[in-house]
Amino acid sequence: MKYQIKQINELTDSDIEHILKLWDVSAWNTMKPLYFRTFFKDSEFHFLLDSQSEILAVLRLNFDFVLEISGNQYAFAETVGLVAAHKQKGYGAILVEKFKENVTQRNLETIGFCHTDLRPFYEKCNIEILYDKAKAIKEHADSEWINSDDDDILIFNVSQKEKEQLSRLSTQHNAYLITKE
């Protein structure tokens, strides 16, 4: 097995087709490679590949992620879209381990999110979890701020100062997702 990182411009059309198939998001199923590269322009892709370079697992690192907490902005790399080609084979866990090593070596402030049903997976992967803190993140939808639908914040590599800020989140102390216009 091989761990590989590709920037958006390094993805082949067949890589993109395979990623979209694995993600299986109905709104994205007809996305063309050119649009994919534009839509995910602030991302890099992490892969676990077999000996024939077939994708066993993939995740996306989103660099366009900023939270505002108590008037201060914190930029994080956000881990999203983790999926394995075959369930229960350990490929997702292996990719998470290699990914965590990579972002730690690069000293990238990196977080992710999960629902409660995925907690056991991330606990097994030894990823630090800030339980029930993601609900305190507000996202702008139409003309109002709504709570994130995730439950937990996953800590892949975060400084102590930022971790303390995230740990303090609550219904009375929200974070706000800042999106580029």
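This briefing looks at the main pocket and at some aromatic ring pairs. The structure is a predicted model. Its largest pocket has a volume of about 1,400 Å³, and the structure also holds 15 aromatic pairs. Let's take these topics in turn.

**The largest pocket**
- A total of 47 residues line the largest pocket.
- Nearest the centre of this pocket lie Thr-79, Val-80, Gly-81, Leu-82 and Phe-113.
- Strand 6, which covers residues 77-84, gives the most to the lining, with seven residues.
- Sorted by class, the lining has 22 nonpolar, twelve polar and 13 charged residues.

**Aromatic pairs**
- Two numbers help here: a pair of aromatic rings is described by the distance of the centres and the angle of the planes.
- Among the 15 aromatic pairs is that of Trp-23 and Trp-28, with ring centres 5.6 Å apart and planes at 55 degrees, so this pair is tilted.
- Tyr-35 and Phe-39 have ring centres 5.6 Å apart and planes at 35 degrees, so this pair is tilted.
- Both Tyr-35 and Phe-39 sit in helix 2 (residues 33-39), four residues apart, which is about one turn of the helix.
- Ring pairs join Trp-23, Trp-28, Tyr-35, Phe-36, Phe-39, Phe-40 and Phe-45 into a cluster.

**Buried or partly exposed?**
- Trp-23 counts as buried because its relative accessibility is 12%, and buried means under 20%.
- Trp-28, at 24% relative accessibility, counts as partly exposed.
- Tyr-35 counts as partly exposed at 47% relative accessibility, and Phe-39 counts as partly exposed at 41%.

Methods
Residues numbered from 1 in each chain as written. Predicted model: local features only at pLDDT ≥ 70, side-chain atom pairs only at ≥ 80, totals over all residues. Heavy atoms only, no water. 1 Å grid on protein atoms, 1.4 Å probe; cavity = no way out; pocket = protein on both sides within 12 Å on 5 of 7 lines; lining within 4 Å. Points joined across faces, edges and corners; volume = space filled by probe spheres on them. Helix = DSSP H or I, 4+ residues; strand = E, 2+ residues; numbered from the N terminus. Nonpolar A, V, L, I, M, F, W, Y, C, P; charged D, E, K, R; others polar. Phe/Tyr/Trp six-rings, centres within 6.5 Å; stacked < 30°, edge-to-face > 60°. Buried < 20%, exposed > 50% of the residue type's maximum accessible area, 1.4 Å probe, protein only.
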